[in-house]
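Here are questions about how parts of a structure meet, with the reasoning behind each answer. Look at the structure, then read on.

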Amino acid sequence: MTDTIIAAQNNIYRPAVMKIAATRNEAPGVKTLRLEFQDTADQEKFAAAYRTGMFGLYGIYGEGESTFCVASPETRKDYIECTFRQSGRVTTALAAAEEGDRITFRGPYGNRFPIEEFHGKNLLFIAGGIALPPTRSVIWSCLDQREKFGKITIVYGARTVADLVYKQELDEWAEREDVELVLTVDPGGESPDWKHHVGFVPAILEEAAPAPGNCVAVLCGPPIMIKFTLASLKKLGFEEANVYTTLENRMKCGVGKCGRCNVGSVYVCKEGPVFTAEEVSAMPAADL
Amino acid sequence: MTKILYANDLTACFSLWRKEGMRVLGPVSKAKTSGFGEVQDAHELDLNLVLTARTLKELFFPRTEPMFSYSIGKQKIETGEFLPSENACIIFGARPCDAAGMAIDDELFNWDYRDEYWFRRRDRSVIITIACKESDDFCMCTSLGLAPDSAKGSDVLLRPLASGNGWRVEELTPKGGKALQPIASLLKEGSEAAAPTAEVPLLFDLEACTTWLADPENFESHFWKEISERCIGCGTCTYLCPTCHCFDIQDEGDTYEGIRRKNWDSCSFQLFTMHTSGHNPRATQSARWRQRIMHKFNYFSDKFSVNSCTGCGRCTRECPVDMGVRETLQAISTLQK
């Protein structure tokens with residue numbers, strides 16, 4: 001085969017180059033990168049397409065690409081923030097990258113949270129551990145247009161105090177009068193000066209007992225937490241159609257070709273990653 | 001009267017096409033296997049094969065192909081794109097099942113996002129298919145709603161003459177018509193009869209199978225474990241399938257320079273869906289075999305209204321443990337009765 005190098009405008013696998021504008025250590029092994037596009041056209045394309053809930057493939061040439069959500073909201077589109085746990089080859093390289101370094105980004109891909117449909121409603125955000133980033137994107141999208149929503153409650157839990165991410169933002173939300181923040185750590189994870197709850201998210205949620213009427217819940221976390229929290233939400237009277245969550249399957253292409261992220265016939269990359277609990281219930285549980 | 005292409009004129013045809021700047025590829029046997037390769041002379045072709053061991057898809061979607069080159073400096077990442085730029089080609093002697101497979105793959109590679117690596121090759125190729133006058137025990141096109149002389153995916157269909165001297169020529173697409181122009185002088189008017197096409201028996205009831213597969217109750221049926229217990233997860237069925245399209249993207253090189261490649265991947269492999277956390281949605285071989293069957297006969301048809309199987313039979317023909325789509329669908333047919 002005689003392949004030669006030619007530039008193409010529409011190569012769907014071509015990533016954009018982004019500069020790391022800032023880095024922040026969130027928790028042990030968890031880091032946030034703030035990224036800025038190097039090319040105005042790429043920036044404009046992103047700004048036109050990005051809506052909260054969408055994801056991207058973040059990469060470093062020589063290591064590969066890794067899929068995670070865009071953790072910054074659709075109300076702030078001149079940069080991208082991503083938060084990830086260092087665990088594999090790509091995230092290890094991303095974690096080692098410093099301010100000023102260049103990495104790559106493909107996206108935004110996938111569907112979104114239907115935030116307009118949340119207007120006028122009370123919002124309940126529930127997140128566990130490293131799953132606050134996708135939730136945070138929705139939280140800021142709503143806080144940036146606070147007047148359009150009713151009561152906002154955030155229930156966030158992590159294994160230990162150290163594992164809580166976005167600590168500065170948690171402080172900020174705790175101080176806001178228009179946000180009710182409920183923080184918890186797993187039993188044994190508290191520090192001597194911990195003033196918040198100790199207990200697992202489902203139990204703490206049931207204690208907080210948010211009213212299900214006119215309320216939309218956004219729930220992100222590890223599968224086991226989702227399972228038990230859904231049961232608690234059900235107990236509290238929430239209907240599955242009013243509970244949103246995200247699925248995060250392994251992906252390589254992000255655009256419906258590489259063939260691995262499907263749950264049953266649903267391609268998470270194209271039809272997700274945002275689903276209602278009702279939609280997830282309709283998927284084959286054995287494929288999740 | 002119809003156009004006839006005589007076998008004696010084939011090498012001359014190839015020369016005429018090459019004069020037009022086109023490459024000519026066809027079924028060739030070498031090194032104990034067979035597939036599609038570039039040929040100069042008609043004698044290099046192995047037209048007696050029921051089917052090549054390897055499929056047509058490799059011509060558009062190679063086992064591995066470079067996508068980008070990168071070189072990383074202190075302040076700059078320089079990248080190049082490798083997009084296919086081979087000359088146009090004539091693929092002479094494809095089989096109807098393979099040609100149909102390419103049309104099915106088009107759906108996927110054009111699903112909202114167009115894959116340039118696939119289409120730059122597809123758009124510049126003409127598929128000249130030869131209808132089958134022979135089949136083997138593994139052929140099952142008829143069970144999939146196709147036939148030994150299906151036109152799907154082909155630009156020109158050739159029907160072997162009963163005499164064995166050549167083919168009746170049927171132009172199917174404008175692209176096929178254009179490809180026939182340079183060889184028009186070699187196409188003779190004639191009325192010679194075509195040989196009968198192969199008789200491929202029906203092996204299962206496809207509708208009964210898809211109905212069973214569509215029932216959510218059956219997703220966790222013990223059937224899946226039983227039918228796939230001997231699967232060794234080698235991936236042969238997926239690599240030799242004209243419609244299996246799954247791939248991986250991997251970087252080859254070091255921190256400073258290298259190549260990002262698109263490589264074949266397979267739903268048979270454990271790592272295919274493994275999460276970083278260690279959780280694997282399809283953790284067992286039976287879950288992976290179920291995925292392959294469901295993908296072909298339920299998920300794909302759900303998206304594109306066509307099953308992603310053309311009945312070429314390679315998955316069964318080449319499976320080291322004698323599994324395959326045929327056995328699974330035959331077993332499902334039986335369950336239905």
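Q: How much area do chain B and chain A bury between them?
A: Chain B and chain A bury about 4,600 Å² between them, 53% of it on carbon and sulfur atoms. Buried area is the accessible area (1.4 Å probe) that two parts lose on being put together, summed over both. On the chain B side, B:Glu81, B:Tyr113 and B:Arg260 supply 14% of the area buried against chain A, more than any other three residues.

Q: What should a newcomer know about the model and its numbering?
A: This model is predicted: local features need pLDDT of at least 70, side-chain atom pairs count only at pLDDT 80 or more, and totals for chains, interfaces and linings use all residues. Residues are numbered from 1 along each chain as its sequence is written, chains are lettered from A and ligands numbered from 1 in the order in which they are written, and side-chain values use heavy atoms, with hydrogens and water left out.

Q: How many residues does each chain bring to the contact?
A: Chain B brings 56 residues and chain A brings 49. Contact means heavy atoms within 4.5 Å.

Q: Why is the pair A:Glu271 and B:Lys303 called a salt bridge?
A: A salt bridge needs a side-chain nitrogen of Lys or Arg within 4 Å of a carboxyl oxygen of Asp or Glu. The N to O distance here is 3.3 Å, so A:Glu271 and B:Lys303 meet the rule. Across the interface of chain B and chain A the rule finds 6 salt bridges.

Q: What makes A:Asp144 and A:Arg76 a salt bridge?
A: Their closest N and O atoms are 2.8 Å apart, so the pair fits the same cut-off. Chain A is divided into domain 1 (16-109) and domain 2 (115-246); these bounds come from an automatic or database domain assignment. Across the interface of these two domains there are 4 salt bridges.

Q: How much area do the two domains of chain A bury between them?
A: They bury about 1,500 Å², 51% of it on carbon and sulfur atoms. A:Glu26, A:Thr52 and A:Arg76 supply 27% of the area that domain 1 buries against domain 2, more than any other three residues.

Q: Why is A:Arg136 called buried?
A: Buried means under 20% relative accessible area, exposed over 50%, partly exposed in between (1.4 Å probe, protein chains only). A:Arg136 has 4%, so A:Arg136 is buried.

Q: What makes A:Arg136 and A:Glu169 a polar contact?
A: A polar contact is a pair of N or O atoms within 3.5 Å; within protein, one must be able to donate a hydrogen and the other to accept it, and residues adjacent in sequence count only if both atoms are side-chain atoms. The side chains of A:Arg136 and A:Glu169 make such a contact at 2.7 Å, so the distance is within the limit.

Q: How do you know that B:Asp98 and B:Arg314 form a salt bridge?
A: Their side chains meet at 2.8 Å, N to O, so the salt-bridge rule is satisfied. Chain B is divided into domain 1 (2-190) and domain 2 (206-336). Across the interface of these domains the rule finds 3 salt bridges.

Q: How many residues of each domain of chain B are in contact with the other?
A: 43 residues of domain 1 are in contact with 43 residues of domain 2. The two domains bury about 3,700 Å² between them, 62% of it on carbon and sulfur atoms.
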